[in-house]
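My notebook is open and the structure is on screen. I'll jot down what I look up as I go.

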Amino acid sequence: MARRPANPISESMDDYLKAILVLGGSEGKKVTSTALARRLNVTPASITNMLQKLAASTPAMVQYERHHGVQLSSAGKKRALEVLRHHRLIETFLYEVLNYPIEEVHDEAERLEHFISERFEERIAAKLGHPKFDPHGHCIPALDGRMPKDSSMRLTDVRDEGTFIIDSISDIDARILKVLKVRGISPGVQLRVRDIYEDHGYAVSIGSSKKILQLSQADSAAIKIQPM
Ligand SMILES: [Zn+2]
């Protein structure tokens, strides 16, 4: 029996599509190469290369013009949502069923997301009771690709004292996830901004505690919040 040809969409193409989806937000804003390079930790030259490849594929996965940023096509968006659904369901499964520490689920999901079958995905979703959010607080796209509009804001956009609910924590940096977990900073928790430092770090407190926690700029940038 002949071997099935390799999937024309490579794992690294999937990673690009997913990054463009996440960075472009629910309105599908144009994403710059610089933002992509930072997110994917690759050089600008490889970004250009891959975006040209994605734009030239049939069907085209992105609309890309050099120096003008990149946007997903409808085929690209469909694929990206599928991979993102895999990723976030796997993270939830690892966290809730297999008891992985929160800071370890992302890397494992990055590997597994490309390989699970639709059947496996369905079984995970059913086992977890069709969750709407992953353990970082991010929305899991529905099977038909629907995803509610994200109305959260970055902690680093807050300019005054105030009380918020933590919406999500970025899953990209395991070290930051661990630092925040130890301090009780996780989705659904109430967060009070007490002060903003000159270096763009934040002084916050959690729940009804009066203890001041100092967050660096990088820690703060990983946190998204909703007004109370
Ligand atoms: Zn993740």
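I went to the zinc ion, keeping in mind that this is a predicted model. Which residues coordinate the zinc ion? I found His87 through NE2, Glu91 through OE, His106 through ND1 and Asp171 through OD. Their distances run from 1.9 to 2.1 Å.

Next I checked the geometry. The 4 donor atoms make angles of 93 to 130°, and the site comes out as tetrahedral. I also noted how the donor residues are spaced in sequence: H-x3-E-x14-H-x64-D.

Then I looked up the domains. The domain assignment gives domain 1 as 1–147 and domain 2 as 153–227. How many residues does each put into the contact? I got 11 from domain 1 and 11 from domain 2. Going by C-alpha atoms, the centres of domain 1 and domain 2 are 26 Å apart.

How big is the interface? People often answer that with the accessible area lost when the parts come together. Here domain 1 and domain 2 bury about 930 Å² between them, and 56% of that is on carbon and sulfur atoms.

Last, I went through the interactions across the interface. I counted 1 salt bridge between domain 1 and domain 2. I also looked up the pair Glu103 and Lys181, which form a salt bridge with their closest N and O atoms 3.0 Å apart. On the side of domain 1 that touches domain 2, I tallied 3 nonpolar, 5 polar and 3 charged residues. For polar contacts across the interface, I noted 3 residue pairs, with both residues at pLDDT 80 or more.

Note on methods:
Residues numbered from 1 in each chain as written. Predicted model: local features only at pLDDT ≥ 70, side-chain atom pairs only at ≥ 80, totals over all residues. Heavy atoms only, no water. Domains from an automatic or database assignment. Contact = heavy atoms within 4.5 Å. Buried area = accessible area lost by both parts, 1.4 Å probe. Salt bridge = Lys/Arg side-chain N within 4 Å of Asp/Glu carboxyl O. Polar contact = N/O pair within 3.5 Å; in protein donor to acceptor, adjacent residues only side chain to side chain. Nonpolar A, V, L, I, M, F, W, Y, C, P; charged D, E, K, R; others polar. Donors = N, O, S within 2.8 Å, 3.2 Å for Na, K, Ca; no water. Tetrahedral: all angles 85-135°; square planar, octahedral: opposite > 155°, others 65-115°.
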